[in-house]
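Biologist: I would like to learn how to read a model of protein with DNA. Where should we start?

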Number of protein chains: 4
Amino acid sequence: MSPRTPAQFEKLRTRRREQILKVAAEIFIQKGYHAANVSDVAQKAGVSQGTIYHYFPDKENLFLAVYESWEIRNLQSELRDALENAATPTEQLGLLAQMVAKRMEQAKDILPAYTEFWSHIHRNKAIKIGFQNMFKDMRGILARIIRNGIDKNEFVNTEPMTMAAILIAVFDGLILQWIADPKQVKWENIADTLTQVILTGLSANK
Amino acid sequence: MSPRTPAQFEKLRTRRREQILKVAAEIFIQKGYHAANVSDVAQKAGVSQGTIYHYFPDKENLFLAVYESWEIRNLQSELRDALENAATPTEQLGLLAQMVAKRMEQAKDILPAYTEFWSHIHRNKAIKIGFQNMFKDMRGILARIIRNGIDKNEFVNTEPMTMAAILIAVFDGLILQWIADPKQVKWENIADTLTQVILTGLSANK
Amino acid sequence: MSPRTPAQFEKLRTRRREQILKVAAEIFIQKGYHAANVSDVAQKAGVSQGTIYHYFPDKENLFLAVYESWEIRNLQSELRDALENAATPTEQLGLLAQMVAKRMEQAKDILPAYTEFWSHIHRNKAIKIGFQNMFKDMRGILARIIRNGIDKNEFVNTEPMTMAAILIAVFDGLILQWIADPKQVKWENIADTLTQVILTGLSANK
Amino acid sequence: MSPRTPAQFEKLRTRRREQILKVAAEIFIQKGYHAANVSDVAQKAGVSQGTIYHYFPDKENLFLAVYESWEIRNLQSELRDALENAATPTEQLGLLAQMVAKRMEQAKDILPAYTEFWSHIHRNKAIKIGFQNMFKDMRGILARIIRNGIDKNEFVNTEPMTMAAILIAVFDGLILQWIADPKQVKWENIADTLTQVILTGLSANK
DNA sequence: TATGAATGAGTTTTCATTCAT
DNA sequence: AATGAATGAAAACTCATTCAT
């Protein structure tokens, strides 16, 4: 009865939504939530402002959608892979450090988004929960490796959760230093140094 | 008409300025730069909006002044103290970890400010430079300890700067996790675990 | 391709039109002209927005069509009936009061529409004329009864038109009080009191 | 300390507020709530839009303020006066009819406001309550006169509240007819006819 | 110097209407 | 005829900043 089938409409909607979302991500990350205008997004996406509101109820939800699409691209899947592609906990941690560092090197364009989203932790419940879950998941994954290593006598006896938190912190903290001054953070050195120190310690007297 | 001496005036101005700054800090950190209104600050500081503009040229400079006053309270001085109050590089690092962790415990009220300032790194040159210098200073201080430790054969041979960056990163990253979910970060465990691992390594086979 | 005859098409159109009109009436009365959205009407009527515009040139004409369908259901026909079903002017007025009061009791769901349409008297010519004609007709009908009563010496000599206007006013005014506070207007008492007072007067000294 | 004293500011505020309110009343009544724009009000009042929002939190509250200032000018005080300036209930009612009719004649410019405010009864709680209270008060005042008349044997025994409601309704209903077609309502005839009929009844057979 | 009224540019949001399919 | 995506003009509201007093 309709000349465009519902499926056609659906496809149209999906395409447009993604088009808007992509542009919105760029602008939000470049300018920050408040300085970014819906009209900027509309213009750069080549649609009218009304169209934006056809796809997203308001600016905040557009931002949230950007956050969600960004969140998906995060590291958890990679962490899980590392678990499976290495035999011993020691190797697992080493591989992990390498992977994450390499990932950072590649993903330079999305790193600036971190500070933007971080700054919404206080103000946006969904984002807060997103970060809480992400951290929780990642700590869980790492803590399991560490506990496993302790059980197998590969690692000394530390609090696995605290240790996991520290490992995650290293990368987030480095992202911050990289954002402040990209030249000063050499991801290619990080993995090695980190592996060396974490696994064998700084101490030379063994 | 007024019996006030110029010096008294000056003192009055200073006091008022600090009064405004204190309130501005609270509001900026609580609401974020954009959501914070000059009128809010004025009201909470008990002055008129116009008065704010007698003390600060505009909102951005008010924010910058808040940033600067916040920056001062940061860790560098403490780091320097640690250098002097410990004999060996090993002890220095251990003391450092303890001090910083204890400091975090106390400074819970200013931690939320981190994300706000971080998010301005991209957008504000002064803040970017502030962070760059702070990171540079801290890396320098830590790198010197590490290099010293290597020279004294207390530490294995690592890239001091990279190692320094990692150490700093740990704390910034933990601040982030703490902000996302304070209950999940136990500062009191951090120092021990960190000292243990950094100094002796995770590896049990020594 | 379609086996539908023109007549069937016509019936379909009529049905759809009425369907839209019914829903539009509900929404316009519930929300008022401006707060009611064409998209609301479309959604609730189960058609697309575009379809509304196949049946009505624009929102104003849709509203007008609602007004017209509402106007038709009004009292004039009943008034005419009352004229025929009572013998004397006195009885006619009495019957009238009873009928109208009973009608109000039943028509509670359309009473809220009154204020909405009233408020368009200033702004919409068609509605203004509609009300003018309705009032004129009703005053005419009542004035004829009254004049008849005066001629037959059943009534004292009053200005029939003014008296007619007053009688009509009573009901409109009561509708308003009912809308403001339904519990405070007891339609079942109205007819009696009205008949008693209008016909015999409040004065006890006769 | 301030060159303008608080009292001066207060006077300024009051004056401006009234200036805005007056213009807003005109525009709201002329165009209706929705069709009236805040920018129209600002322009006609010779201030900026921002100034409007300096004095009223939003459009709705501006409208409400208009309603309240309009409500004050209503009839209750006059009704009370009538109570005191007439000796017997019969005279009281007669005087009342005269006063109200005369008032209508004078207040032609505010009558169009009625339909606008009426139409907000459903949508605005404050206005609903305003009307409820106004009707309640007026019914109370009239019912007391009527009850008094019954007690003194001046009036026949009717339900005072119902009778009061009817009397009030007459005027509201006539306002409506007047709004629809001013030429058709002759306020100068109303009082006489009303007094005659209400007090002595239409019936000629006494 | 302090005040707070006033500004007006800038932003988000809404929605009747159009139109390609 | 029917669909619903797209439009864009219009509207409410905000707020940093100015300035007369």
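Biologist: Which atom of DNA strand E does the side chain of B:Thr51 approach?

Modeller: Look for pairs of N or O atoms within 3.5 Å. This is a predicted model, so each distance is computed from it. Here an N or O atom in the side chain of B:Thr51 is 2.5 Å from a phosphate oxygen of DNA strand E. The side chain of D:Tyr55 also has an N or O atom by a phosphate oxygen of that strand, at 2.3 Å. B:His54 reaches a base instead: a side-chain N or O atom is 2.9 Å from a base nitrogen of DNA strand E.

Biologist: Which elements give two or more residues to the surface near DNA strand E?

Modeller: They are α3 of chain A, α3 of chain B, α3 of chain C, and both α1 (6–31) and α3 of chain D. In total, 36 residues surround DNA strand E. The closest are A:Gln49, B:Thr51, D:Arg16, D:Thr51 and D:Tyr55. Next, ask which part of the strand faces the protein. Sugar and phosphate make up 69% of the DNA strand E atoms that come within 4 Å of the protein.

Biologist: What is the make-up by class of the surface near DNA strand E?

Modeller: There are 15 nonpolar, 13 polar and 8 charged residues.

Biologist: Now the other strand. Which residues are closest to DNA strand F?

Modeller: A:Arg13, A:Arg16, A:Thr51, A:Tyr55 and C:Thr51 are the closest, out of 36 residues that surround DNA strand F. Sugar and phosphate account for 70% of the strand's atoms within 4 Å of the protein. By class, the surface near DNA strand F has 14 nonpolar, 13 polar and 9 charged residues. Chains A and C each supply at least two residues from α1 (6–31) and at least two from α3 (49–55). From chains B and D, α3 (49–55) does so.

Biologist: Which base atoms of DNA strand F lie by C:His54 and B:Gln49?

Modeller: For C:His54, a polar side-chain atom lies 2.9 Å from a base nitrogen. For B:Gln49, a polar side-chain atom lies 3.0 Å from a base oxygen. Check the backbone too. A polar backbone atom of C:Gly50 is 3.4 Å from a base nitrogen of DNA strand F.

Biologist: How far apart are the nearest C-alpha atoms of chain A and chain D?

Modeller: They are 21 Å apart, and the two chains do not touch. Chain B and chain C have no contact either, with their closest C-alpha atoms 30 Å apart.

Biologist: How do I look for empty space, and how many cavities of 30 Å³ or more are there?

Modeller: Rolling a probe the size of a water molecule over the atoms shows where empty space is left. In this structure the search finds 10 cavities of 30 Å³ or more. The largest holds about 250 Å³. Its lining has 23 residues, and D:Leu96, D:Val100, D:Leu167, D:Ile168 and D:Phe171 are closest to the centre. By class, that lining has 19 nonpolar, 3 polar and 1 charged residues.

Biologist: Which element gives the largest share of that lining?

Modeller: That is α6(D), with 6 residues. In chain D, α6 (89–106), α8 (125–151), α9 (160–180) and α10 (187–200) each supply at least two.

Biologist: Last, aromatic pairs. How many are there over all chains?

Modeller: The count is 50. Read the distance between ring centres, then the angle between planes. B:Phe63 and B:Phe117 form a tilted pair, 5.5 Å centre to centre with 45° between the planes. B:Phe63 lies in helix α4 (residues 59–72) of chain B and B:Phe117 in helix α7 (residues 111–118), so the pair ties together parts 54 residues apart in sequence.

How values were computed:
Residues numbered from 1 in each chain as written. Chains lettered and ligands numbered in written order. Predicted model: local features only at pLDDT ≥ 70, side-chain atom pairs only at ≥ 80, totals over all residues. Heavy atoms only, no water. 1 Å grid on protein atoms, 1.4 Å probe; cavity = no way out; pocket = protein on both sides within 12 Å on 5 of 7 lines; lining within 4 Å. Points joined across faces, edges and corners; volume = space filled by probe spheres on them. Helix = DSSP H or I, 4+ residues; strand = E, 2+ residues; numbered from the N terminus. Nonpolar A, V, L, I, M, F, W, Y, C, P; charged D, E, K, R; others polar. Contact = heavy atoms within 4.5 Å. Near = heavy atom within 4 Å. Polar contact = N/O pair within 3.5 Å; in protein donor to acceptor, adjacent residues only side chain to side chain. Phe/Tyr/Trp six-rings, centres within 6.5 Å; stacked < 30°, edge-to-face > 60°.
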